[in-house]
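Colleague: Could you take me through the main pocket and one helix packing in this model?

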Amino acid sequence: MASRRDLQQRVPEWVAEILPEIAAIRQRLHRNPELALHEEQTAALVRDALAALGLAPRAPLLGTDVIALLQGARPGPNVTVRADMDALPLQEQTGRSYQSQHAGLMHACGHDGHTAMLLGTARVLCRLQAELRGSVRFVFQPGEEIVAAGRDLVAKGALLDPAPSAVFALHAWPGLPVGSICSRPGPILAAAEFFKITIRGKGAHGSRPEDSVDPILTAARVVEALQSVVSRHLSPLDSAVVSICRFTAGSNGNIIPDTAELEGTTRCLNQSVGDRLPILMERLIKGTCEAMGATYDFRYSGSYIPTVNAAAAVALGRRVTTALLGPAAWIDMPDPAMGGEDFAYYIRDYPGAMFLLGMGETCAPLHNQCFDFNDAALRNGIVFMVGAVLEALADDGTAATA
Ligand code: NI
């Protein structure tokens, strides 16, 4: 039997062989973006590609998920690797030859690249099947954006039988050198929650404010009051964000409307802070509305918990990067980012880590109309994923616990 390092040394060459095809798949996915939980064609492409490798996905748990298990020749632990497949409601402006064929829809978060890289990872690992111990689970997940389908997938047992001893995912990251791998132990991404506040007042003629309960002025005061959640109700040592991102009211220049709507998001790195946020917010909304004679409806949905990496899993990723891509390819992430990720649910109950893959310093930001996954990073992404799986299987899972 070949040693783990022997196996890993073969990986770059095998990845080089499949790269043109993986880049073609990536661009095909980019051309045909699909919204959360509507990834029918993407899932079909993934299923076909896995079938060509002799992998039979299990029956879907959420409709468009594709989950397959590669059983190695010898018994051993399970390592699970995950990619997300959904796109965003955004009009692409990259001008690429393979740009989105669907108006108002695009892959602006690199999930096309994640899916293509996981298919490449599956190809290489299938080639190594006779020498693998344990099993590898490939999770192609729908609905990462907004709906946090990863939470539902995990709740429905996607990670059971066998339970993983390590779970890994890779996310495209603009601003880092192309193909670099970056992560940090502990929190890497924030809890992300969304809220909607409807303020009900009483409409009136614009010339007769005394007849109204003005929902616009009330909502403006609510916006202002909510600024004190972070600045005056939380410790300066706790980090959190409360952002109002939509303020909608009225239809005309001389009518005070009945209602105003506010929508926004909160972020934090610590779940106990996250639990307090809606309570603090509602107290301020209630007090402000009562003072103004208005009523309100407050909806708050907690979809994303903080993504917290196991220290040993990050150390494993660093070891693999240094061995297979060179020490310069690894970047220690100084601070967490305030974006949210439903991968958090995969590593809440199982050890694992999310890693970031550099898209280049000049790459447009994520969720931007000009963002495009950088195909020059595909090679390192796949080499890293395959290397991390081999390392975790050889470690019997114990190195990935923290
Ligand atoms: Ni994403």
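The questions below turn to the pocket and then to a pair of helices.

Modeller: This is a predicted model, in which local features need pLDDT of at least 70 and side-chain atom pairs count only at pLDDT 80 or more, while totals for chains, interfaces and linings use all residues. Residues are numbered from 1 along each chain as its sequence is written, and side-chain values use heavy atoms, with hydrogens and water left out.

Colleague: Where does the largest pocket lie with respect to domain 1 and domain 2?

Modeller: A pocket here is an open set of points on a 1 Å grid over the protein atoms alone, where a 1.4 Å probe fits, with protein on both sides within 12 Å along at least five of seven lines, and lining residues have an atom within 4 Å of a point. By an automatic or database assignment of bounds, domain 1 (4-188 + 306-400) and domain 2 (191-304) both give residues to the lining, so the largest pocket lies between them.

Colleague: Which strand gives the most to the lining of the largest pocket?

Modeller: Strands are DSSP runs of E, at least two residues, numbered from the N terminus. At least two lining residues come from each of β4 (166-173), β6 (186-200) and β14 (337-340). The one that gives the most, with three residues, is β6.

Colleague: At what angle do helix α1 and helix α9 pack?

Modeller: Helices are DSSP runs of H or I, at least four residues, and axes are lines fitted to C-alpha atoms over the stretch in contact (heavy atoms within 4.5 Å), with angles running from 0 to 180 degrees between N-to-C directions. For α1 (residues 4-31) and α9 (residues 378-394), the axes are 8 Å apart and the angle is about 140 degrees.
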